[in-house]
Amino acid sequence: MKDKKFVYGILIPCFFLLFVFCVFPLFYGLGISLFDYNPIRLENPFIGLQNYAALLEDEDFKNALIHTVVYVVVAVTLNIIFTLIIAQFITSLPGKKLKTLFRTVFFIPCIAPIAGTAVVWKNGLLYKDGGTFNTILNKFGMGSVDWMASTATVIAVIILFTLWADMGYNIVLFCAGLEGIPKTFDEAAMIDGATPFQRFVKIKLPLLGRTFTFVLMQTIISYFQMFAQFKIIAKNQSGMDYGSVLTTEIYEQSFEKYNMGYASAIATVLFLIVFMVSMIQKRATRVDWSYE
C-alpha cells in the first residue's frame, strides 16, 4: 500500500503537468482554429473550418510549407550522413582522451544560445560588405554574394548554420550507439576479410538500428519546429523575407497580425505533418532485436 502511495504521489503531479502544458494547449489551439480569434477583440465569432479553407488559397502559407519541407529533407539528410561519418571516425580513434576531445569540440556549438549565434552569423559571417564568407570569396578573386537576396541562398545558409549548431547532439548519440555494439561482430568480420567500409555498412549500421531510429525521429521533429534562425537570418536589410517557414508564419499571424485563429490552423497543420511523418518513420524503421 505504501509503495502504491509513493507511485501515485510521483505520477499524479507528472500527469497533471503533462495535461496543463501539453494536452490542454493542444486542444485549446485546435479549438481556437475554429474561431476568428483576435485577443484584442471582445467578440470572436465561430467560423468552423474557414481558417483551414483559407490556407488553400494563401500563397504565403504554400511558400512557407514548401520551404519547410525542403529545409527538413535536406538538413536532416545531411545531418544524419555527416554525424554518422564523424561518429564512426571518433569511435575509431585510439585512446579515450582523444575521443572525448573530439566529442567536446563538436558539441560546443550546441551549448551556445541559437538566437545569439544566429545574430553573429548574420551580422558577422553573412554580411554582404565585409562579412567573413564574402571576405574569403574576395581573397580568391570572386565577388561578394548577397546571401539574403534569394530563397535558395537563404535556405542554404540556414541549413549550414543548423548543421554547425546542432550536429553535436547526434554525434554524441551515434558515438554511444556505436560503442555499445559488441566488438566481437566487428572482429569476426575483420577475420573474414571485410574492409572498414563493409564492416560499417553491413554490420555496424544495421546493429545501430534503435539509435538510428531515435536520432532520425528526434531530428525530424526538431527541424520541423526550428524558428530562431529563420526569424533572425531570413530577413534582409530591405525587410524581404525569403526564408519563411511554418513556424515563422505562425509567429507572424499570431503576434504581428493578431490573427490567432488562423495561426492556430497553421499550427494544427504543422502538428499533423510532424505526427504523420513520425508515425511513418517509426513504422518504416521498426527494429525488434537484441545483441544476444
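Read from the N terminus, the elements of this protein follow the order α-α-α-α-α-α-α-α-α-α-α-α-α. The count is 13 helices and zero strands, in a model that is predicted. Along its principal axes, the C-alpha trace extends over about 75 × 75 × 35 Å. Of the 292 residues, 37% are buried. The protein exposes about 17500 Å², and 70% of this area comes from carbon and sulfur atoms. Contacts often link distant parts of the chain: among those between residues at least 6 apart in sequence, 68% join residues at least 24 apart.

With this overview in place, the packing of helices can be considered. Two packed helices are described by the angle between their axes and by the distance between those axes. One such pair consists of helix α3, residues 59-91, and helix α10, residues 209-224. Their axes lie 10 Å apart and form an angle of about 145 degrees. The crossing of α3 and α10 is right-handed. On the α3 side, the contact involves Thr68, Tyr71, Val72, Ala75, Val76, Asn79, Ile80 and Leu84. These residues meet Phe212, Val215, Leu216, Thr219, Ile220, Tyr223 and Phe224 of α10. By residue type, the contact of α3 with α10 contains twelve nonpolar and three polar residues, with no charged ones.

A second pair is formed by helix α5, residues 114-125, and helix α7, residues 151-179. Here the packing angle is about 135 degrees and the axes are 11 Å apart. An angle between 115 and 145 degrees falls outside the perpendicular and antiparallel ranges, and α5 and α7 are therefore oblique to each other. As α5 passes α7, the crossing is right-handed. Helix α5 contributes Ile114, Thr117, Ala118 and Trp121 to the contact, while α7 contributes Val157, Leu160, Phe161 and Trp164. Seven of the residues in the contact of α5 with α7 are nonpolar and one is polar, and none is charged.

Attention now turns to individual residues, beginning with helix α12. This helix covers residues 246-256 and includes Thr248. Thr248 has a relative accessible area of 6% and is therefore buried, the limit for burial being under 20%. Leaving out residues up to four places away in sequence, Thr248 touches Phe227, Phe230 and Lys231.

Beyond α12, a loop leads to α13, which spans residues 260-284, and Tyr258 lies in this loop. Although Tyr258 is not a glycine, its phi is positive, at about 55 degrees. Tyr258 has a relative accessible area of 37%. This value lies between the limits of 20% and 50%, so Tyr258 is partly exposed.

Within helix α13 itself, Ser278 offers a further point of interest. With a relative accessibility of 9%, Ser278 counts as buried. Apart from neighbours within four places in sequence, Ser278 is in contact with Met217 and Ile221. Ser278 also illustrates how separation in sequence and separation in space can be set side by side: Ser278 and Leu216 are 62 residues apart along the chain, with 9.4 Å from C-alpha to C-alpha. Leu216 has already appeared above, as one of the α10 residues that meet α3.

How values were computed
Residues numbered from 1 in each chain as written. Predicted model: local features only at pLDDT ≥ 70, side-chain atom pairs only at ≥ 80, totals over all residues. Heavy atoms only, no water. Helix = DSSP H or I, 4+ residues; strand = E, 2+ residues; numbered from the N terminus. Buried < 20%, exposed > 50% of the residue type's maximum accessible area, 1.4 Å probe, protein only. Contact = heavy atoms within 4.5 Å. Axes fitted to C-alpha atoms, helices over the stretch in contact; angles between N-to-C directions. Parallel < 35°, antiparallel > 145°, perpendicular 65-115°, else oblique. Left-handed = near helix turned anticlockwise from the far one by under 90°. Nonpolar A, V, L, I, M, F, W, Y, C, P; charged D, E, K, R; others polar. Areas by Shrake-Rupley, 256 points an atom, 1.4 Å probe, with all protein chains shown as cover.
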